[in-house]
Amino acid sequence: YVIGHIGRLTPWKGQEKILDAFIAYAKINRNDYLLLIGSPMFDSDKYYKKLKYKISKNFLEDRIILPGYRSDLNAIYSSMDLYIFPSLEKDTSPLSLLGAMVFGLPVAISSIPSLREISDLISGLESFDPNQESQIHKIFLKFENQTDRKRTGEIIQKQAIKKFSTHRYTGDVLDFIENSFNNRSIN
């Protein structure tokens with residue numbers, strides 16, 4: 001059972017919240033792994049070192065994997081059973097989140113205001129308060145079941161493709177341009 005996240009390693013992205021919940025969860029499920037993809041970009045590596053220290057302190061180096069930046073996202077998504085997105089602050093361009101949905105993974109997102117729009121558009125997403133470890137833990141438990149993961153992932157995938165595809169986006173932009181041109185011609 002592989003729980004994963006992709007994102008720049010920085011405190012406001014909330015990876016430490018996943019890590020803390022996973023450390024508690026790992027005591028009851030010994031067949032689980034946490035995959036945190038990403039690296040520090042604009043920040044120092046202080047946060048990364050903090051995460052690594054917590055992993056080492058809890059003797060989970062063999063179950064929590066931080067491989068750094070990766071560009072082979074199809075391979076990464078295919079290795080995950082659950083995608084969790086724990087942002088603590090406004091996150092307006094969650095491309096890795098959209099990728100996980102389109103890939104067909106069950107997805108859990110933090111309940112911050114900037115992500116509510118996505119949860120309003122896509123049914124089947126789990127939502128959690130990133131500061132409530134018990135809520136994250138319940139999501140981990142819920143998706144231990146392979147049938148639930150598959151069913152939820154398929155529901156999310158169908159909606160995500162319909163709502164976030166480049167085809168739809170391009171059509172929306174072309175409609176906007178056409179309407180703007182038509183309205184300008186009238187005036």
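**Helix contacts and salt bridges in a predicted model**

Reader: Is Glu 154 buried, partly exposed or exposed?

Author: In this predicted model, the relative accessibility of Glu 154 is 36%. Buried means under 20% and exposed means over 50%. Because its value lies in between, Glu 154 counts as partly exposed.

Reader: With which residue does Glu 154 form a salt bridge?

Author: The partner lies in helix α7, four residues away from Glu 154, so the two are separated by about one helical turn. With a relative accessibility of 54%, this partner counts as exposed. The closest N and O atoms of the pair are 2.7 Å apart. The residue that bridges to Glu 154 is Lys 150.

Reader: What is the N to O distance in the salt bridge of Asp 148 and Arg 151?

Author: Asp 148 and Arg 151 are three residues apart in helix α7 (residues 146-164), and therefore about one helical turn separates them. Asp 148 is partly exposed at 23% relative accessibility, and Arg 151 is also partly exposed, at 45%. A salt bridge requires a nitrogen and an oxygen within 4 Å. For this pair the N to O distance is 2.4 Å.

Reader: How many residues apart in sequence are the parts that Glu 16 and Lys 54 tie together?

Author: The closest N and O atoms of the Glu 16 and Lys 54 salt bridge are 2.7 Å apart. Glu 16 belongs to helix α1 and Lys 54 to helix α2 (residues 46-57). The pair therefore ties together parts whose separation in sequence, in residues, is 38.

Reader: Are Glu 16 and Lys 54 buried or exposed?

Author: The cut-off for buried is a relative accessible area under 20%. Both Glu 16 and Lys 54 are classed as buried.

Reader: Which residues are linked with Glu 16 and Lys 54 in a network of salt bridges?

Author: The structure holds ten salt bridges. Some of them join into a network that includes Glu 16 and Lys 54. The other members of this network are Asp 20 and Lys 50.

Reader: At what angle do helices α1 and α6 pack?

Author: Helix α1 covers residues 15-25 and helix α6 covers residues 133-142. Their axes are 9 Å apart, and the crossing is right-handed. The packing angle is about 65 degrees.

Reader: How many residues of the contact of α1 with α6 are nonpolar?

Author: On the α1 side, the contact includes Ile 18, Ala 21 and Phe 22. Those that they and their neighbours meet in α6 include Ile 136, Phe 140 and Leu 141. One residue of the contact is polar and three are charged, while the number of nonpolar residues is eight.

Reader: What distance separates the C-alpha atoms of Gln 132 and Ala 21?

Author: Gln 132 is in the loop between β6 (126-128) and α6, and at 36% relative accessibility it counts as partly exposed. Gln 132 and Ala 21 are 111 residues apart along the chain. Their C-alpha atoms are separated by 8.9 Å.

Reader: Which backbone nitrogen does the side chain of Asn 29 reach?

Author: Asn 29 lies in the loop between α1 and β2 (33-37), and it counts as buried at 12% relative accessibility. Not counting residues up to four places away in sequence, Asn 29 touches Tyr 1, Arg 63 and Glu 144. At 2.7 Å, its side chain reaches the backbone nitrogen of Asn 31.

Notes
Residues numbered from 1 in each chain as written. Predicted model: local features only at pLDDT ≥ 70, side-chain atom pairs only at ≥ 80, totals over all residues. Heavy atoms only, no water. Axes fitted to C-alpha atoms, helices over the stretch in contact; angles between N-to-C directions. Left-handed = near helix turned anticlockwise from the far one by under 90°. Contact = heavy atoms within 4.5 Å. Nonpolar A, V, L, I, M, F, W, Y, C, P; charged D, E, K, R; others polar. Salt bridge = Lys/Arg side-chain N within 4 Å of Asp/Glu carboxyl O. Buried < 20%, exposed > 50% of the residue type's maximum accessible area, 1.4 Å probe, protein only. Polar contact = N/O pair within 3.5 Å; in protein donor to acceptor, adjacent residues only side chain to side chain.
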